[in-house]
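This report concerns salt bridges and helix environment in a predicted model. Please consult the sequence and the structure below while reading.

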Amino acid sequence: MAQQNLKPAGGTRERAAHGGKETEAMKAALTELGLNIVEMTEKSGREFFVGLSKRTNQRGAEILADAFKDYAVSTVPIQDRLHLKSFCSMAGPDLIAIGSSEAAQKALKIMQQMSDHKYDKLTLPDDLAANCVYMNLPGKGDVLLHCTPEEFPESAKVFEKLKDHMLIPVSNQEKVKVDGALTCCSVLINKKKNI
């Protein structure tokens, strides 16, 4: 995932296990939409944080560092979760949404120690609620897709404090049944209107 400023990355083992079918299917879908596919080479953000877990190993972090030599790439050990994004994502420019579990807070402490940048944090009572999708949309400003109040009522109250954001609750009830979350189902496309 490449979001403004903070870039949790992962999934290298999972994609390799599927023989690249996920990548090829995504390329085909984007081509069908008439979009030009470009490998990630443009700069955005400041650094990458790579969660080391059962799905992403040290070699994956090294490959990312080789591809983005101008950025700091820091590894964060993840215990008992699939991804760093299982409890952490960007909720706005320089704003990290983070769960309140011991594992989430430990990861946040590691990221704070490794980074030269100071991020604000939005601590949520529920780890999975911290998996949100931030977008800065022309004409709309800061937009945040987040969990519904029905799923995580206390975390939804925390999101409501973001007065400068357009908040869009999105249900994750079905995705969570297969270890999915909002960012698992998100592809952000920056497309000009008259193309």
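The text that follows treats the salt bridges, then helix H3.

The predicted model holds 3 salt bridges. Each is listed below with its nitrogen-to-oxygen distance.

| Side chains | Distance (N to O) |
|---|---|
| Arg 59 and Glu 62 | 3.3 Å |
| Lys 69 and Asp 66 | 3.9 Å |
| Lys 157 and Glu 154 | 3.3 Å |

Arg 59 and Glu 62 lie 3 residues apart in helix H3, so about one helical turn separates them. Both partners are partly exposed: the relative accessible area is 46% for Arg 59 and 35% for Glu 62.

A corresponding spacing is found in helix H5, which spans residues 153–159. There, Lys 157 and Glu 154 are 3 residues apart and therefore separated by about one helical turn. Lys 157 has a relative accessible area of 46% and is partly exposed; Glu 154, at 43% relative accessibility, is likewise partly exposed.

In the salt bridge between Lys 69 and Asp 66, Lys 69 is exposed, with a relative accessible area of 64%, whereas Asp 66 is partly exposed at 47%.

Helix H3 comprises residues 58–67, and its buried residues are Gly 60, Ala 61 and Leu 64. These residues lie on the same side of H3, because the arc they cover around the axis is only 100 degrees. At the start of H3, a side-chain oxygen of Asn 57 comes to within 3.2 Å of the backbone nitrogen of Arg 59. Arg 59 thus takes part in this contact through its backbone and in the salt bridge with Glu 62 through its side chain.

Key
Residues are numbered from 1 along each chain as its sequence is written. This is a predicted model: local features need pLDDT of at least 70, side-chain atom pairs count only at pLDDT 80 or more; totals for chains, interfaces and linings use all residues. Side-chain values use heavy atoms; hydrogens and water are left out. Buried means under 20% relative accessible area, exposed over 50%, partly exposed in between (1.4 Å probe, protein chains only). Helices (H or I, at least four residues) and strands (E, at least two) are DSSP runs, numbered from the N terminus. The arc is that of the directions from the helix axis to the C-beta atoms. A polar contact is a pair of N or O atoms within 3.5 Å; within protein, one must be able to donate a hydrogen and the other to accept it, and residues adjacent in sequence count only if both atoms are side-chain atoms. A salt bridge is a side-chain nitrogen of Lys or Arg within 4 Å of a carboxyl oxygen of Asp or Glu.
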